[in-house]
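User: Could you take me through the bound ligands in this model and tell me what stands behind each label?

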Amino acid sequence: MRQGTIVTDNSLLADLGWQPFFQQQLNLEELEQLTPARVVEQHRSLFELATAGRSTSLPVAPTLPPLTVGDWVLLDPSAKFVRRLDRKSCFKRKAAGSQLAEQLIAANIDTAFIVCSLNDDFNLSRIERYLAMVKEAGVTPVIVLSKADLCDDPGPSCAEVQALDPLLCVEPVNCLERTSIGALLPWCRAGETLVMLGSSGSGKSTLSNALLGANIQDTGSIREDDSKGRHTTTRRSLLLMPGGAMILDTPGMRELQLTDCEQGIELAFADISALAIGCRFNDCQHEAEPGCAVQQAIESADLDERRLNNYRKLLREQAHNSASFAQQRARHREFAKHVKRMHKERKHMLGE
Ligand SMILES: Nc1nc2c(ncn2[C@@H]2O[C@H](COP(=O)(O)OP(=O)(O)OP(=O)(O)O)[C@@H](O)[C@H]2O)c(=O)[nH]1
Ligand SMILES: [Mg+2]
Ligand SMILES: [Zn+2]
């Protein structure tokens, strides 16, 4: 495990984020014989795990179920994998590029810091996209507006983000200044797990270091973000805050394509769903229908047209991706059935 995240001899499972939700999944025999361990880093050929008082590892094998950083697994006395515990929450996206695959981002997260800098990176639609994913997972979002020191007046940008949802926690910070991050400490209680989400260069690792009180994660110097990608952080790592939360720093995501996220989108755009109740037609598309309460809200400037457009775009995107995955799953099922049938026929022919 990384320097600064070392599990000490007297570290307890609770320090690593072990909660009653996980404990309840073990029967008495398992409690006595098996060891719970948490995935803290993923490499090409192995998972690094942390458990009470020590670190260990698990070789990547085709027999393992899909695992991601933050997962809890049970190990037998010879450190062999027994099973993965049910997740409290899980983030996933459609893998970047043209390939049709889901990518797990993190599991068992309590709070997500959506880090967005107050300079060129500031983008309300991107914040809404992250919010939809975080709400789908049932995780508490906090919008961290970084680089407040580079901005003459963070006030107007903070107000724009707050306008997305009056209950949203929005905190402008200077990640380089430890005193500036005090407002985030209430979300960093011992035993809780936080994830840093946001574009490359937004300050996720700088903020992680400030919270950890040590320079554990490399941070990027000013650079051009070119098409080849210049991500300073290249893998997801779970880091232990001394006496506090576990922090999962992630590489910036160039592309966050949503999948299976309809409920999260509805929650992130609850104001639009609430307005739609007032539309004359139940199936109103909020385009040019008469008596559309959503269009009325746009005319009276109560709702931003950008927000409605982004809501529609995200719904379309998630529907398209979810349908593609459902088709792919159906094809795999068909293929498995076909193989089974062939085996049966072959056995029959051989008179077995
Ligand atoms: N002035 C100022 N600079 C910051 C702040 N936060 C981050 N930076 C700088 O921004 C650059 C990028 O920060 P990182 O923490 O590496 O960004 P990241 O989000 O981890 O980026 P990836 O790992 O590529 O995803 C570094 O040079 C930081 O010093 C801030 O609040 N104020
Ligand atoms: Mg980083
Ligand atoms: Zn309508």
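Analyst: Happy to; here is how each term applies to the sites.

This is a predicted model, in which local features need pLDDT of at least 70 and side-chain atom pairs pLDDT 80 or more, while totals for chains, interfaces and linings use all residues. Residues are numbered from 1 along each chain as its sequence is written, chains are lettered from A and ligands numbered from 1 in the order in which they are written, and side-chain values use heavy atoms, with hydrogens and water left out.

User: What makes the pair between Ser200 and ligand 1 a polar contact?

Analyst: A polar contact is a pair of N or O atoms within 3.5 Å. A polar side-chain atom of Ser200 is 2.6 Å from an oxygen atom of ligand 1, so the pair qualifies. The side chain of Thr206 has an N or O atom 2.5 Å from a ligand 1 oxygen, and a polar backbone atom of Gly252 lies 2.8 Å from one.

User: Why are Ser205 and Thr233 called donors of the magnesium ion?

Analyst: Donors are N, O and S atoms within 2.8 Å of the metal (3.2 Å for Na, K and Ca). Ser205 (OG) and Thr233 (OG1) lie 2.0 to 2.1 Å from the magnesium ion (ligand 2), so they count. Water is not among the atoms, so the site may look incomplete.

User: How do you know whether Ser205 and Thr233 are buried or exposed?

Analyst: Buried means under 20% relative accessible area, exposed over 50%, partly exposed in between (1.4 Å probe, protein chains only). Ser205 has 9% and Thr233 has 11%, so both are buried.

Key:
A polar contact is a pair of N or O atoms within 3.5 Å; within protein, one must be able to donate a hydrogen and the other to accept it, and residues adjacent in sequence count only if both atoms are side-chain atoms.
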